[in-house]
Amino acid sequence: MKTKLIFTILALSSTFIFAQKKVADKFFKNYAYVKASDLYQEAVKKGDSSAHVLTRLGDCFYNNSDSEKAATWYAMAIEKHDDVDPIYYYKYAQSLRSLGQYDDAVVYLEKFNEAQKDEDRIDGTDFTNVALYEKLKSTEGIYVDIINLPINTINSDFGAFEYDGTLYFASTSKKTKDELYAWNDQPFLDIYQSDISEGADGEDALNYTYPNYVKSDQINTKYHEASVAITNDGKTMYFTRDNVSKNRKLKADREGTSHLKIYKATLVDTTWQDVQELNFNDKVFSTGHPALSPDNKTLYFTSDREGGYGQSDIWKVAILGDDNYGFPVNLGAAVNTAGKEMFPFVDQDNNLYFSSDSYLNLGLLDIFKSDVLKGGTSVENIGAPFNSGLDDFAYNINTENGRGYFSSNREGGKGSDDIYSFEICAQMITGTVRDSRTVLPLAFASVQLIDETGKVVQEVMTGEDGFYSFKVSCNNTYNILGSKADYKDDLREVSTSLINGNEVTIDLNLIPLIIEDEIVINPIYFDFDKWDIRTDAAYELENIVGVMREHPNMKIKIESHTDSRGPDNYNLTLSDKRAKSTRDYILSREIDPSRIESAIGYGETQLVNDCANGVKCTKEQHQDNRRSKFIILENKQ
């Protein structure tokens, strides 16, 4: 008899572990990570240390930005399971890095890299530098959508400049294999153009036509052309080219080096003609990367000419008209360093952007912003997502619409250099959390903003007015989860790409669980002639568990009722088994047995309508009688 009892207990324990794991999975799927983690931890206590449970526990805390607990569970999963998915090496490393444990993080980043030969998310990046890590974070208050342009190729594409619905950029896409540049074993660069159009209704991204050579038979040669700037009137284009002779032969200095020069072309009808070299070029140093001031009276450029501070500097020259230019002036130590400063751009507000391998730097070239043209001396690394651990350069922005481009050879691109478009755009999601019965605002309700990966990115608590608000990025999908003790959660999805204007209202209506003297949940369903707790029933019963935990002195009784169909005694017995099965599930969640006074099935003895034996009723009327009640007997505060 004792042996039989032991086996019965083990079987029940196994059943509850399995049930709890399935319920936990359902909560996890619905972003209820606190509830899911509670259930997963219960499963661990009862002997389930599977990779699924341990990694899900890690994910619950990881998605809620609790790095310490996430690291604990990921470490346990990795230690116990040799075949854990390699993604958890990366998540564990990320959690360690968040905790400042960089040496340990590197070990698991290397394991991840070794296991995922095709993954490039960490290759070549220094994860041990605290300053770099801090700079990898997005700039506070800036919301940016970034797209790798569909026109990028497997080689080099960079230096995008948009003018009047046309994108100009440098690319190697159409050169042949016998036209390779020795520096990087890639073809020489040419200037291309692609027409831009708005996406169709419901589409977020712009459309770009298949690129073709810039409309000119005078601009592109068999050598390098790149880096375009166009005047406000659209009639003059400045661009960079290798030093070539009039018959387009490459020219070099005494050491055999061909330097860059700036040229300009004039728009005649629809083609660029009359290409001329600017008079401040020289064959012994390079001059390139042209950019214009907002009033088109100053040309900024990069040069390694004498009088600079380092390997290459940012310079400026006055545009005097009639093909005349002033004397080149170095922008000085407020911008230039002993390293490389390149790719200048000046926005409509006279802010200077440029790339540099100096200053506080994430690695190689980073994009910086300076107020030097407005009399200031500040230089600021604009940070992620524009900057990465590799080269980030050729930044420009239209401050009127917040749209622009930059180039990068960061990991995850299509080629050695890619063009990225971006839109700096912030929208607001606001709303009021209410009691669904009274329609009154709910104070102290938690509202979470959850991104498409399932990560909680923001969380706020409502005030007396029940109001909440989130600042979010454009063209993204979020879930808004509202929760409060003694209420059912409300989960809503919102796509910011569908917002008309800058704000959308998403009100949340939380269903109260305590109504008068009952805890009220959705109907609990059982399989035919069964009293086992199904996953959907356990999901609902977790609301009972939550209320009883919130009110530790609450005592209840459980009633189970059936409709009139079927034999009376059968209904009475079946409902009693279901009532006690319901009680047992709640007790399995570590609720003190003394808090449940009784669990009794009443069969069809307490019908709520006239659907007694022999009375013809609808399915809905019979359903009203099939119910479980959780009656509050005591709730001392």
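Where is P385 found? Before going there, keep in mind that this is a predicted model. P385 turns up in the loop between β21 (379–381) and β22 (392–398). What makes the spot worth a stop is the link to the residue just before: A384 and P385 are joined by a cis peptide bond, with omega at about 10°.

Follow the chain out of that loop and you reach strand β22, where A394 sits. Here the backbone does something else to look at: phi of A394 is near 55°, a positive value even though the residue isn't glycine. For context, most residues other than glycine have a negative phi, and most peptide bonds are trans. A394 has a relative accessible area of 10%, so it counts as buried.

Another positive phi shows up at E590, with a value near 65°, again in a residue other than glycine. This one is in the loop between α9 (568–588) and β37 (596–603). Is E590 buried or exposed? Its relative accessibility is 52%, and because the cut-off for exposed is over 50%, E590 counts as exposed.

Now swing over to D465, in the loop between β27 (456–461) and β28 (467–473). D465 is partly exposed, at 48% relative accessible area. What does D465 touch once its neighbours within four places in sequence are left aside? The answer is T432 and P441. T432 is 33 residues away along the chain, yet the C-alpha atoms of D465 and T432 are separated by 7.5 Å. The side chain of D465 also has a polar atom that lies 3.1 Å from the backbone nitrogen of F467.

Last stop: a pair of helices. Two packed helices are described by the angle between their axes and the distance between the axes. For α2 (residues 33–45) and α3 (residues 51–63), the axes come within 9 Å and cross at roughly 150°. That angle makes α2 roughly antiparallel to α3, because anything over 145 degrees counts that way. The crossing of α2 past α3 is left-handed. So which residues make the contact? From α2 they are Y33, A36, S37, Y40, Q41 and V44, while α3 brings H52, V53, L54, R56, L57, C60, F61 and N63. Sorted by class, this contact has nine nonpolar residues, four polar ones and one charged.

Definitions and conventions
Residues numbered from 1 in each chain as written. Predicted model: local features only at pLDDT ≥ 70, side-chain atom pairs only at ≥ 80, totals over all residues. Heavy atoms only, no water. Axes fitted to C-alpha atoms, helices over the stretch in contact; angles between N-to-C directions. Helix = DSSP H or I, 4+ residues; strand = E, 2+ residues; numbered from the N terminus. Parallel < 35°, antiparallel > 145°, perpendicular 65-115°, else oblique. Left-handed = near helix turned anticlockwise from the far one by under 90°. Contact = heavy atoms within 4.5 Å. Nonpolar A, V, L, I, M, F, W, Y, C, P; charged D, E, K, R; others polar. Buried < 20%, exposed > 50% of the residue type's maximum accessible area, 1.4 Å probe, protein only. Polar contact = N/O pair within 3.5 Å; in protein donor to acceptor, adjacent residues only side chain to side chain.
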